[in-house]
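Trainee: Could we go through this structure together? I would like to learn how its descriptions are justified.
Mentor: Gladly, let's take a look.

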Amino acid sequence: MTAYLFLPIYFLEFWFGQAPLRLISHFIKINQAFFQFFSVPLLLRTFFRPAKNEYRKGLIGFSIGIGIFLKSCVILTALLLFIPLLLSEVILFCGFLTFPLITLAVLLWN
């Protein structure tokens, strides 16, 4: 019977302790998958290499320039798409933390 008295404490410990940590770990995994999908780590490692590994004499400088331009465009696009993802994660996290407080406020207001 006394276990029921500690139920609100267990809920608060879960909602404000364990669940946010798991939610953040899920967000980290989503962000890593997003960057792997757009190959951002690979593009950063090979940023100054020629496009299509073109090493013919007279084309090396041009290939490096084209490679830098194309990789910059892809990285910029990935970062522009990452901003809404990050914003939605922040909004979801804040909404998750405030949900019990909003629910309690609605119940007590009426």
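**Reasoning from the values**

Trainee: Why is F82 called buried or exposed here?
Mentor: This is a predicted model. F82 has a relative accessibility of 14%, and buried means under 20%, so F82 counts as buried.

Trainee: Where does F82 lie, and what separates its C-alpha atom from that of F34?
Mentor: F82 is part of helix α3. Its C-alpha atom is 7.9 Å from that of F34, although the two residues are 48 residues apart along the chain.

Trainee: What makes Y55 buried or exposed?
Mentor: Its relative accessibility is 53%, and exposed means over 50%, so Y55 counts as exposed. You will find Y55 in the loop between α2 (40-45) and α3.

Trainee: How far apart in space are Y55 and T103?
Mentor: They are 64 Å apart, C-alpha to C-alpha, with their positions 48 residues apart in sequence.

Trainee: How do you know whether α1 is roughly parallel or antiparallel to α3?
Mentor: Helix α1 (residues 7-37) and helix α3 (residues 60-109) pack at about 170°, and their axes are 11 Å apart. Angles over 145 degrees count as roughly antiparallel, so α1 is roughly antiparallel to α3.

Trainee: What kinds of residues make up the contact of α1 with α3?
Mentor: That contact has 23 nonpolar residues, 1 polar and 1 charged.

Trainee: Which residues form the nonpolar patch on the surface?
Mentor: Y4, L5, F6, L7, I9 and Y10 do, and together they have about 720 Å² of accessible area. One of them, L7, belongs to helix α1.

How values were computed: Residues numbered from 1 in each chain as written. Predicted model: local features only at pLDDT ≥ 70, side-chain atom pairs only at ≥ 80, totals over all residues. Heavy atoms only, no water. Axes fitted to C-alpha atoms, helices over the stretch in contact; angles between N-to-C directions. Helix = DSSP H or I, 4+ residues; strand = E, 2+ residues; numbered from the N terminus. Parallel < 35°, antiparallel > 145°, perpendicular 65-115°, else oblique. Nonpolar A, V, L, I, M, F, W, Y, C, P; charged D, E, K, R; others polar. Patch = residues over 30% accessible without salt bridge, like charges linked within 9 Å, V, L, I, M, F, W, Y side chains within 5 Å. Areas by Shrake-Rupley, 256 points an atom, 1.4 Å probe, with all protein chains shown as cover. Salt bridge = Lys/Arg side-chain N within 4 Å of Asp/Glu carboxyl O. Buried < 20%, exposed > 50% of the residue type's maximum accessible area, 1.4 Å probe, protein only.
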